[in-house]
Amino acid sequence: LLPGTTGATGQQLTLGVMGGGQLGRMFVHAAQAMGYFTAVLDPDPASPAGRVAHWHIQTGYKDEQGLAQLMQRCDAITTEFENVPAPALITLGAHRPVAPGAHAVAVAQDRIQEKAHFVASLPTSGIGPAPYAAIESEALLAAVPADLLPGILKTARLGYDGKGQIRVKDRAELATAWDQLKRVPCVLEKMLPLKVECSVIVARGANGQAVSYPVQRNTHIDGILAVTEVYEGALPAALCEKARAATIAIAHQLQYVGVLCVEYFVIDDGSADGALVVNEMAPRPHNSGHYTQNACDVSQFEQQVRAMAGLPLREVRQHSPAIMLNILGDLWFPEGADKTARSPAWDRVLALPGTHLHLYGKLDARPGRKMGHLNITGATVAEVKATATQAAAMLG
Ligand code: ADP
Ligand code: MG
């Protein structure tokens, strides 16, 4: 699907996306920069991506008319959140190229299938998921091995940003927690001693070409990503090589087309570097990959466009050390959530060297809501760290 040409629809080639959040918005921006028209399907009239796309189809994700309109408009379709109903992607995929496909998205939507996929993809790497047990019945609950406790009970589906998870110390707490989660299918994972968390983004084309990004070091606060750091020395080099190879293997095994992010834990196993444990994957660009917009010569969103349009993927060159600070709605309420919102001191932050502000165009700030991110680049790691410290102080 060569940019700037006319598509099957008789109009300028159009790329569509299921979901209208900030990831969809940044995808739309990347597609438009390359000359594509864009369409977004999202029920919310104020969705961040819907506001910037050429067409916004305001229906539910399963609405047959909405899906038909999206197909009619678009030459290829992608998704921006993992809970797009797989049947909708099957419908779309019967008529248009859909990347990633319904199967890959379905695996990523279910922690039980996802872990089985990791095990199958990484037979000889020494990397696997945390020890776990699927809990889908009273019998499986009773059969949980004692060495999985203390652990974390997670719903198999629909969890994000630490939601749908309960930490449990013993069997009694486990039983209560499963009740609290309404006895939906869950996994119990052993609680691991995390040294640090990291993630890797890969893009893979329909022809099997795969390119990976440098490994991202992630810090979460209250279950939500707060800071991503990517520069030499942020993580041990040998560990990074292993994580990149594992992520590419996971993408190949799925026959994945598009951008995929895999999250890892580095756990303390007594060695200097620690050992990698694979946690979960997202079948789309990822919050931890936003630094690629300003610190790499090709962003994760441009790779998403390239992959779905069948264009060559680019080997990535990171041209600057990077720190990304997530911007949550809390910043609008320095005096507490019950006080009136006020805009953070962007003028001061933007006066710092190497700051790149990305706001998602969300009208109302709420505590915990992802409003934007700040990418920081610079000539040296020390400079980037110093700017990040200053920016955090101005915003905090
Ligand atoms: P989510 O879908 O909410 O991102 P995750 O499985 O990534 O769910 O869990 C959220 C966070 O909880 C992780 O980033 C990590 O900090 C912590 N966590 C999850 N599983 C474990 C575990 N088995 N041991 C220790 N910490 C964990
Ligand atoms: Mg996670």
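From which domains does the shell around ligand 1 draw at least three residues each? Domain 2 (131–190) and domain 3 (194–395) each meet that count. The model discussed here is predicted, and the report treats the ligand site, the nonpolar core and a set of individual backbone positions in turn.

**The ligand site**

Ligand 1 is surrounded by 20 residues, and K154, G162, Q165, E197 and N279 are the closest of them. By class, the shell holds nine charged residues, six nonpolar ones and five polar ones. Six strands each contribute at least two residues to this shell: β6 (151–155), β7 (165–168), β8 (186–190), β9 (194–204), β13 (258–267) and β14 (275–282).

Three side chains place polar atoms at short listed distances from the ligand, as set out below.

| Residue | Atom of ligand 1 | Distance |
|---|---|---|
| K154, polar side-chain atom | oxygen | 2.7 Å |
| Q165, polar side-chain atom | oxygen | 2.7 Å |
| E189, side-chain N or O atom | nitrogen | 3.0 Å |

K154 and Q165 thus each face an oxygen atom of ligand 1, whereas the E189 side chain is paired with a nitrogen atom of the ligand. Taken on its own, ligand 1 has 540 Å² of accessible area, of which the protein covers 91%.

**The nonpolar core**

The largest nonpolar core comprises 27 residues. Within this core, the residues with the most contacts are I250, L260, V262, Y264, L276, V278 and M281. At least two core residues come from each of α4 (102–109), β9, α8 (237–253), β13 and β14. Helix α8 provides the largest share, with six residues. Nonpolar side chains tend to be buried together in soluble globular proteins.

Some strands recur in both descriptions. Strands β9, β13 and β14 each supply at least two residues to the ligand shell, and each also supplies at least two residues to the core.

**Cis peptide bonds**

Two peptide bonds that precede a proline are cis. One runs from A99 to P100, with omega near 0 degrees, and P100 is placed in the loop between α3 (86–93) and α4. The other joins L149 and P150, with omega of about -5 degrees. P150 belongs to the loop between α6 (138–142) and β6; strand β6 is among the elements that supply residues to the ligand shell.

**Positive phi angles and exposed loops**

Two residues other than glycine have a positive phi value. For L158, phi is near 65 degrees; this leucine sits in the loop between β6 and β7. Is L158 buried or exposed? Its relative accessibility is 60%, and because the threshold for exposure is over 50%, L158 counts as exposed.

For R183, phi is near 60 degrees, and the residue is found in the loop between α7 (171–180) and β8. R183 has a relative accessible area of 41%, so it is classed as partly exposed.

G270 occupies the loop between β13 and β14. With a relative accessible area of 71%, G270 is exposed. Its C-alpha atom is separated by 27 Å from that of A226, a residue 44 positions away along the chain. The two strands that flank the G270 loop each contribute at least two residues to the shell around ligand 1.

Terms used: Residues numbered from 1 in each chain as written. Chains lettered and ligands numbered in written order. Predicted model: local features only at pLDDT ≥ 70, side-chain atom pairs only at ≥ 80, totals over all residues. Heavy atoms only, no water. Near = heavy atom within 4 Å. Polar contact = N/O pair within 3.5 Å; in protein donor to acceptor, adjacent residues only side chain to side chain. Areas by Shrake-Rupley, 256 points an atom, 1.4 Å probe, with all protein chains shown as cover. Helix = DSSP H or I, 4+ residues; strand = E, 2+ residues; numbered from the N terminus. Nonpolar A, V, L, I, M, F, W, Y, C, P; charged D, E, K, R; others polar. Domains from an automatic or database assignment. Core = buried A, V, L, I, M, F, W, Y, C linked by side-chain atoms within 4.5 Å. Buried < 20%, exposed > 50% of the residue type's maximum accessible area, 1.4 Å probe, protein only.
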